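Colleague: Thanks for sitting down with me. Could we look at the model together and talk through why things get the names they do?

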Amino acid sequence: MAELLRMENISKCFGSFYANKDVTFDVREGEVHTLLGENGAGKSTLMNVLVGLYQPTEGKIFMHGREVQITSPGVAVENGIGMVHQHFMLIDAMTGLENIILGDKRHDTPLLREGDDRKTIEGLMDRYGLEIDLDEKVANMSIGMQQRVEIMKVLFRGAELLILDEPTAVLTDLEVEGLFEIMHSLTSEGKSIIFISHKMREVMRISDRVTVLRRGESIETVDVANVTEQELADLMIGQKFQESTYPKVEDAGEVAFELKGVSYRPEVKHGGLKDVSLAIHKGEILGVAGIDGNGQTPLAEVVTGLVKPESGEVYGPDGKEIALFSPRSFIKAGLGNIPEDRNKMGLVGDMTVAENLVLKQTTSDKFSAGHGKWLKMGEIHDYANKLREENDIRCTSVEQTARSLSGGNQQKVILARELEGEPKLLVAVYPTRGLDIGATEFIHNQIVAQRDAGCAVLLISADFDEVLKLSDRIVVLFEGQVMGTYPGANPPIKEISLAMAGK
Amino acid sequence: MAKKELSAEERSEKRLMILTPIVSVLLALIVGAIIIAVLGKDPIQGYAAMLRGSLGDPAKIAKTLERACPLVFTGLCAVFAYKCGVFNLGGEGQFIMGGCATATVMFGLGLQGPVGLALGLIVGMVVGGIWGLLPGIMKITRGLNEMITTIMLNYVALYFMEYVFKNLYSDSGLPKTLAIPQSARLPQIANAHVGVLVAILLGVFIWYLIFRTSFGFKIRAVGMNPVASKVNGFPVKRLVLLAFIISGAIAGLGGAIELLGRTPFRLADGFGSGFGFDGVAIALIAQLNPIAAIFVALLFGVLSTGGTMMQSVIGVPTAIVEIVRGLIIIFAVAGMAAVKLPKIRAFFAARQNAKVKKAEVNA
């Protein structure tokens, strides 16, 4: 196969920090080439260089053996490079067709020629098996179809090389199959694909070759046929990786928190709860599995007191029905909360690490004099340093702003703060999203330790593997409804993944 | 207090934050000098006159302090609200309403002497707080943008004051109120009224409140991230309302002190005019630090009182001073935005690294 793209010795600096250092890799015509690496390994930076969003500090890019200067995203499109971003760049209020032809300048007239474009697009749809309802508004499309619109946008602009950035993260298993079929038909027509993912199973299945990135450097390019999953994982993190397993609890304690027939905005398909009943027991982890956007957010909001359900009953740790829904009263009743978005909901980014660690306790006698009036700055500082040691929070000083920490360390700050209150109920929502393997391990260990200490844990995660690994019982959410409850020990994986797709 | 250990980058950032306003003041003065030179006058002579006119002798210093005093209050008013994340542009209205309330205590109730003085200050503060509370209620219950409502309320206050000095307590039909009776005026220390001292103490107090109490902690947390504050159990709405009230009360107290302390001791056209927006500018240049706000307000006072002297000595219009003041604001705000740009940050970080390396080599 002929070489399509070659990136040679690419370096990209931000200040004194190398996001990419001397990265070299190439893509052949008609292959699926995976970029594999942990968060922060430099995959996004490299792709941003390729699509012209960043200029490389050093290095050259060749298309078809000819050197090209990709000075802007427009130039990338001219060179046949198109990117499907992880977060779709679509306009919800417009139809599929309008989104696809938006901003395209192939016609000389200032008028839209939707009829011609529709024909072109329908031709492409047939050729590659992309099924799109062109006249449906994006807002009403399934996530899978929105993704196909994104892919079509790129194809319509004549891309030969498609970059798919974590395309499977938002899809159900069934939709992933559909996507893989499309990828096959694209490569059999001579298109090339750069596939970005860290899900080993998928990488092994779909790729021809894999380039592993680590700390901004390209470590190795391998043929998938010649490696095992374990070897790839070891390459990715740079050492032998042994994933820990946790024993499952089967006889949990009494009920610590219970929802009975709870509904919240049930008319909203991707943001409501419909008649949800579930119980969280002391000393168990209840995992909520489901594809992103099937009611996880409202569920988290209800169990942390941010919103009041429209109907149904909620029972707190003392067994009494909860009438007052406010984060404050829930915290008083013993709630620990690792929220969905750590920057937006968990931390005050411009405050220091120390201040964030005592966020909930500023009026306690420990940290303030005069019944919660004057802060004891020294106490706060010492306490913060103590937590920093205990939780291995890596920072130059606890007086640094929380914003300047890495994601993993930010999450450790939140975890340290929440667990110090010895919660009766711990709600962890996407607790390891965007974290590297080391930080993920630490967070998982801490959550399991809480369970073993008798805390009731509600784990909400879109990462199915994480739910399987930690949960003692698994509940599946689909379009705001509970599809079923499954045991955490020897879970019926097939059944669960069908339930996640609503079947 | 525990000693702060900061990384080299953060130290350089802190230094930049302090340097920016100083550099912007210098730049503004240089541009002002160029303008004066273009007008064919001697800028050095002009600036010398400005300094002599504002700080030349004790009497002039007192005058400058009195001029700066209301700006300290409106500056602190803006600082406090911004710290809680609300943009109170109504400092002027709250200031004026404070003055009106004090006038009512004096002329409406006919109080005099220390009782009148004390009550005048308290009522001024309370009414200022209420005037701040109104936009707060509108924001909390109906989501109205406080920038709009506070500005609108400024006009309400302005025309209400006009009613007060033209109709209610007019001095024999003239468009100004009666003068505050001698016995109820603020006492003087070294030619300046004690309000100046109050202003400075208040600045220190507000700093302490914001940075050293758990109430201030919550105010800051809400200002920087209201969502996280809510998730972590802070009563966000109540804190925002309190911030509006306190902010308004500070401005209201300023209005009361202005009326009770500074000649002509009456409400008339122009009372408090422009103080609200000057306060906003002061808060921005001071980077929301209450103590820095005192110094910036003093600088504004120097420019105002010195400007008159400059006009009479070298014959340039006082508008030059307005230009310099405007330039300070522009340079300071632009400078603060600029130091946040990644390229400029990288430049300073690189310089810092070079310095550290040099130090290592030397060692």
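Colleague: In what order do the six strands of the open sheet in chain A come?

Modeller: This is a predicted model, and in it the order is 6-7-8-3-9-10, with mixed pairing. From one strand to the next, the twist averages 20°.

Colleague: What makes strand 6 and strand 10 of chain A edge strands?

Modeller: Strand 6 (81-84) and strand 10 (217-223) of chain A each have a single partner strand, so one side of each has no neighbour in the sheet.

Colleague: How do you know that strand 6 of chain A pairs with strand 7 of chain A?

Modeller: Pairing takes at least two bridges. Four bridges join strand 6 to strand 7 (residues 161-165) of chain A, and the two run parallel. Since the cut-off is at least two bridges, they therefore count as paired. Within this pair, A:M83 stands opposite A:I163.

Colleague: Over in chain B, why are helix 11 and helix 12 called oblique to each other?

Modeller: Helix 11 (residues 275-285) and helix 12 (residues 290-314) of chain B pack at about 125°, their axes 9 Å apart. Roughly perpendicular covers 65 to 115 degrees and roughly antiparallel begins over 145. The angle of about 125° fits neither, so helix 11 and helix 12 of chain B are oblique. Their crossing is right-handed.

Colleague: Which residues of helix 11 of chain B meet helix 12 of chain B?

Modeller: B:D278, B:I282, B:A283 and B:I285 meet B:A293, B:V296, B:A297 and B:F300 of helix 12. By class, this contact has seven nonpolar, no polar and one charged residues. Asp counts as charged, so B:D278 is the charged one.

How values were computed:
Residues are numbered from 1 along each chain as its sequence is written. Chains are lettered from A and ligands numbered from 1 in the order in which they are written. This is a predicted model: local features need pLDDT of at least 70, side-chain atom pairs count only at pLDDT 80 or more; totals for chains, interfaces and linings use all residues. Axes are lines fitted to C-alpha atoms, for helices over the stretch in contact, and angles run from 0 to 180 degrees between N-to-C directions. A crossing is left-handed if the near helix is turned anticlockwise from the far one by less than a right angle, and right-handed if clockwise. Two residues are in contact if their C-beta atoms, placed from the backbone, lie within 7 Å.
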